Amino acid sequence: MTPNRSIRNILFVTSECYPLAKVGGLADVSSSLPRALATKGLNVVTLLPAYQGALTQLENTRALGAINGPLLMPDLSLIEGTVKQTGQRVWLLQAPGLYDRDGTPYADAYGHDWPDNWQRYAQLCRVACEIASGRVADWQPDLVHCNDWQTGLIPVLLKQASLAPPTLFTIHNLAYLGLFDGDIFSQLQLPPALWSFDALEFHGRFSYLKGGLGFADALTTVSPTYAKEIQTEDYGCGLDGLLRFRKKALTGILNGVDYETWNPETDPTIAFPYTSQSLTEKAKNKKHLQKKTGLAPKSNQPLIGLISRLVEQKGIDLIIDLMKAYADEPVQWVTLGNGNVDYERELKALAEAHPSAISFTPSYDEQLAHQIEAGADFFLMPSRYEPCGLNQMYSLRYGTVPIVTPTGGLADTIIHTTPGTLSKKQATGFVTKGADLPNLKQTFKHALNIYKDKAAWLKLRRTGMQQDFSWGKSAAAYLQLYEKIVNTG
Ligand code: ADP
Ligand code: GLC
């Protein structure tokens, strides 16, 4: 019998990584999972583009030199360094004119996707393949871990190469298909046979995501429930057939939380640190947040928090309707987010109409996000689908009770409050029966009643704060899976 090959080197490829570039939870995962794997003895290199401002956040930098190869743009280079804030080892891909731009990783300052995203991420994928083939810095990974559509071409390209390491593709959000027109397929000079329904073609267009799903040796997604949901027509985004076909290769591994960044006891961005035994300090954070956001200093009114990309996925329309329904009730709302302009307009109008009860900050603000977690009583997350979701887990640690819908990672992390779950100290939040307004209203009413019951409310918050979603368990599951992939091919 051949002994199991032990695994040592991992190339983790991503389009976001906190604090270098962050749009959503992918950045948090790309920061904490590689570091958690490193503590398990793996040698992990995280590869991402050198977006504007990223390089200045590194220390111990070293130029790895120019990268040349077929179909690569001229003057590509890699810089190795350590992220000052987290200690993570990264390789940044520099390409003149490609990544160093104002805006987010994917869009300009007006929210329009960069028209050359296909090229920006194709270059990232091709460079990852050069590294995977051992042609860069005398280092070769035993496995390449890809994340979301931006890395979807890696498994496709490596399947064409000889002696390439195996790949794992993680789905953080199936709805982002990485769709481009057919002529992009020609421009990329991929083998013509790949332009087929069984490969990269998706209803007459070309999907990077489909490449990852079809060609990676193994697939994961970020919660067990989402792994099941995406195999159904309702959640499958047109790819459920492919995912059912690849069912045996697909696992759900729940994301973890970086408790060094999200810990109310040590969080440097909050005014009053606290633990489950000093919740009076949390009340001071509430007062501080009310003051900062211009809300009336009402200590006995429930304060509902929201931090989110303002997109349909997150059920923002349901939140707006709920806010309207409760506009004249003794409830306060503190909302932070940007995205869809219609949602922004509606939230702004509500905040202007009810300045002492509703606040809206239409931006991306790390510090305020932490302060909302610390100051709010409830965290509202009525997502239509949620692959994992991180904010509900951050909220638990901050004693901010989540109100969620029964989908994906929300269903896997929050236990609904009933007399039974409360008495057994299992209840951690409120889970609606569905992602619609009547169900949300019903659950919200129940949540406000529990808020008034001081003993129940204290028990609920303390149980939530004791939950442990640290990365250790999830990283061990990834490690086990890496070993399985490397040893079974
Ligand atoms: P998603 O990745 O779908 O956006 P997650 O819950 O996994 O959802 O992760 C969202 C992450 O982005 C969290 O860390 C959250 O605090 C952060 N975030 C989202 N919007 C904002 C914002 N406007 N300002 C600051 N942080 C935000
Ligand atoms: C995606 C999902 C979110 C998940 C995050 C990190 O953005 O929408 O649910 O937590 O990726 O995996």
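This report looks at aromatic rings, charges over rings, and the surroundings of ligand 2 in a predicted model.

## Aromatic pairs

The whole structure holds 20 aromatic pairs. One of them joins tryptophan 149 and tyrosine 208. Their ring centres are 5.6 Å apart, and the planes meet at 75°. That angle makes the pair edge-to-face, because the cut-off for this class is over 60 degrees.

The two partners are 59 residues apart and link distant parts of the chain. Tryptophan 149 lies in the loop between strand S6 (143-147) and helix H3 (153-160). Tyrosine 208 belongs to helix H5 (residues 208-215).

Tryptophan 149 is buried, at 9% relative accessible area. Tyrosine 208 is buried too, at 0%. Both residues also belong to one aromatic cluster, whose members include Tyr106, Tyr121, Phe180 and Trp195.

## Charges over rings

Arginine 101 places its charged end over the ring of tryptophan 114, 4.8 Å from the ring centre. Lysine 210 does this with phenylalanine 197, at 4.6 Å from the centre.

## Around ligand 2

Ligand 2 has 14 residues around it. His172, Asn255, Glu386, Cys388 and Gly389 come nearest. The shell has six nonpolar, six polar and two charged residues. Helix H1 (residues 25-39) gives the most, with three residues.

Oxygen atoms of the ligand make several polar contacts. The side chain of histidine 172 has an N or O atom 2.7 Å from a ligand oxygen. For the side chain of asparagine 173, the distance is 3.4 Å. Cysteine 388 uses a backbone N or O atom, at 3.0 Å. On its own, ligand 2 has 310 Å² of accessible area, and the protein covers 93% of it.

Conventions:
Residues numbered from 1 in each chain as written. Chains lettered and ligands numbered in written order. Predicted model: local features only at pLDDT ≥ 70, side-chain atom pairs only at ≥ 80, totals over all residues. Heavy atoms only, no water. Phe/Tyr/Trp six-rings, centres within 6.5 Å; stacked < 30°, edge-to-face > 60°. Helix = DSSP H or I, 4+ residues; strand = E, 2+ residues; numbered from the N terminus. Buried < 20%, exposed > 50% of the residue type's maximum accessible area, 1.4 Å probe, protein only. Lys NZ or Arg CZ within 6 Å of the ring centre and 35° of its normal. Near = heavy atom within 4 Å. Polar contact = N/O pair within 3.5 Å; in protein donor to acceptor, adjacent residues only side chain to side chain. Areas by Shrake-Rupley, 256 points an atom, 1.4 Å probe, with all protein chains shown as cover. Nonpolar A, V, L, I, M, F, W, Y, C, P; charged D, E, K, R; others polar.
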